[in-house]
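Me: I have a structure open and would like to go through some of its labels with you. Could you tell me what stands behind each one?

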Amino acid sequence: MKNYMCVVAVLAFAASSFGSDGMNSSLADNIFFSGRWDHRASNFCASAPNANIQFTAKAKSITFDLDGYSRWRFDVDGKPTSYFTTKGHATKKLGAAGNGELHSYRLIKVSENNPGEVCLNDIVLDASGSFGPKPKQSGRRIEFIGDSYTVGFGNEGSSSDPAELEFEKTDASKSYAFVLSESLKADFQVNAVSGRGLVRNYGNIAPGWNLVKLYNYTVPGVAATSTDTAKWNLEWFNPQVIVIFVGINDFQGEPPFADKKVFKGAYARFLDKLREAHPGVKFLLLSTRVWPNDDLTPVVQEIYDEQLALGNRDLEFLTLQTDNVGLLGHPDVRSHQEIANTIRPIVARLGGWLSR
């Protein structure tokens with residue numbers, strides 16, 4: 001029965017991620033979509049940080065037809081070669097390896113759309129170019145659920161930079177989520193939205209649109225403004241480990257803060273929802289110090305203890321110490337690397353990926 005369920009889940013994920021219907025079916029046949037992408041009739045759209053596409057090709061040049069406001073990183077054979085920015089519709093022609101051999105390519109969305117979305121309309125190779133086999137899925141899958149800390153917000157900035165530089169100073173590919181996934185050679189999703197809490201958003205912005213509600217959507221950046229926004233089917237990506245780093249915005253900044261009882265109830269229900277969707281999944285619950293009352297860690301500790309009391313042995317809890325010297329008091333690139341190094345052995349153990 002377990003094997004059957006795994007096969008069904010993989011087939012569902014493949015169908016949703018790669019598609020076979022609509023105008024983009026031939027393009028989708030060549031691309032591995034990482035993260036949540038909405039496969040529409042004429043394009044593929046996303047809003048989450050680190051949503052990326054991967055493909056192989058023999059080519060001298062590659063042109064991406066894109067829409068949306070975003071920073072992008074372009075990798076060749078696993079190495080970053082360039083960054084570029086789109087501010088609306090753009091066609092970006094980039095040099096490829098061009099030696100007549102098959103190479104791997106990846107386009108990574110390193111900024112956040114909150115609100116908004118980006119769309120991939122087409123990939124055009126030079127006249128002599130051709131796509132190679134679609135990259136294969138990894139046997140390792142991690143999901144990261146969180147807020148600006150998980151996004152990598154302002155990680156290339158400093159506390160002395162003006163807040164208006166958040167777009168230029170955010171590189172999600174240098175976040176702990178990306179760094180950790182790369183080091184473990186795992187497929188991953190980053191489902192994180194800056195400023196949002198589990199039940200209460202920072203400064204009570206966008207009331208009603210907290211992380212729990214946004215989590216239901218494929219493109220959460222447009223969920224609040226679009227009446228036909230696609231819902232995400234949890235069967236399309238089945239992580240073996242889920243890293244949950246939520247609650248900073250529930251208890252930080254100016255009051256009123258989240259009611260602790262409500263927060264604990266929402267957290268427990270969220271865990272149960274994820275358990276039901278992903279049988280056998282393991283969790284790493286993260287916390288850190290928050291201003292002004294440092295309420296988050298004691299509350300998550302209580303949640304963890306209550307889970308253990310209920311007999312759940314599928315989760316671990318860790319409090320992180322971060323140097324928040326990036327933009328607007330966020331972790332910088334060095335801190336993200338330290339977070340990745342700190343939680344790597346725990347995630348690897350939870351996933352059963354420790355080397356022997």
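**Cavities, strands and a disulfide**

Reply: Happy to, and let us start inside: β13 (187-192) and α5 (211-214) each supply at least two residues of the lining of the largest cavity. Please keep in mind that this is a predicted model.

Me: Which residues line the largest cavity?

Reply: The lining consists of R36, A48, N191, A192, V193, L211, L214, Y215, Y217 and P220. The volume of this largest cavity is about 90 Å³, and the structure holds four cavities of 30 Å³ or more.

Me: How do you know how the lining of the largest cavity divides into nonpolar, polar and charged?

Reply: By residue class: Ala, Val, Leu, Tyr and Pro count as nonpolar, Arg as charged, and Asn falls among the others, which are polar. On that basis the lining has eight nonpolar residues, one polar and one charged.

Me: What makes up the lining of the second largest cavity?

Reply: S34, G35, R36, A48, P49, N50, A51, N52, F188, Q189 and V190 line this cavity, which has a volume of about 40 Å³. Strand β13 gives the largest share of the lining, three residues. By class there are five nonpolar, five polar and one charged; Gly counts as polar here.

Me: N52 is in that list. Why is N52 called buried?

Reply: The cut-off for buried is under 20% relative accessible area. N52 has 0% relative accessibility, so N52 counts as buried. Its place is in strand β4 (residues 52-58).

Me: What makes the pair N52 and Q54 a polar contact?

Reply: A polar contact needs N or O atoms within 3.5 Å, one able to donate a hydrogen and the other to accept it. The side chains of N52 and Q54 make such a contact at 3.1 Å.

Me: Let us turn to the sheet. What is the order of its five strands?

Reply: The order is β2-β3-β10-β5-β8, in an open sheet with antiparallel pairing.

Me: Why do β2 and β8 stand at the edges?

Reply: Each of β2 (38-39) and β8 (90-95) has a single partner strand, so one side of each is left without a neighbour in the sheet.

Me: How do you know that β2 pairs with β3?

Reply: Pairing takes at least two bridges between the strands. Two bridges join β2 to β3 (residues 44-46), so the requirement is met, and the strands run antiparallel. D38 has C45 of β3 as its bridge partner.

Me: What makes β10 and β8 partners of β5?

Reply: The same requirement of at least two bridges applies. Six bridges join β5 to β8, and six join β5 to β10 (residues 118-125). Both pairings are antiparallel. L66 stands opposite A90 in β8, while D67 has C119 of β10 as its bridge partner.

Me: Why is β5 described as mostly covered?

Reply: Five of the seven residues of β5 (residues 61-67) are buried, meaning under 20% relative accessible area.

Me: How do you know that C45 and C119 form a disulfide?

Reply: The sulfur atoms must lie within 2.5 Å. Those of C45 and C119 are 2.0 Å apart, so the pair qualifies. The pair links distant parts of the chain, with C45 in strand β3 and C119 in strand β10, 74 residues apart. Both C45 and C119 are buried, and a search of the whole structure finds one disulfide.

Me: Why is the disulfide called right-handed?

Reply: The torsion about the S-S bond of C45 and C119 is about 105°, so the disulfide is right-handed.

Me: Is S111 buried or exposed?

Reply: S111 is buried: its relative accessible area is 1%, against a cut-off of under 20%. S111 lies in the loop between β9 (103-109) and β10. A polar atom of its side chain lies 2.9 Å from the backbone nitrogen of R71.

Me: Lastly, why is E338 called partly exposed?

Reply: Buried is under 20% and exposed is over 50%, with partly exposed in between. E338 has a relative accessible area of 33%, so partly exposed is the right label. E338 sits in helix α9 (residues 333-351), and a polar contact of 2.6 Å joins its side chain to that of R334.

Technical notes:
Residues are numbered from 1 along each chain as its sequence is written. This is a predicted model: local features need pLDDT of at least 70, side-chain atom pairs count only at pLDDT 80 or more; totals for chains, interfaces and linings use all residues. Side-chain values use heavy atoms; hydrogens and water are left out. Helices (H or I, at least four residues) and strands (E, at least two) are DSSP runs, numbered from the N terminus. Buried means under 20% relative accessible area, exposed over 50%, partly exposed in between (1.4 Å probe, protein chains only). On a 1 Å grid over the protein atoms alone, a cavity is a set of points where a 1.4 Å probe fits but cannot get out, and a pocket is an open set with protein on both sides within 12 Å along at least five of seven lines; lining residues have an atom within 4 Å of a point. Grid points are joined across faces, edges and corners, and a volume is the space filled by probe spheres set on the points.
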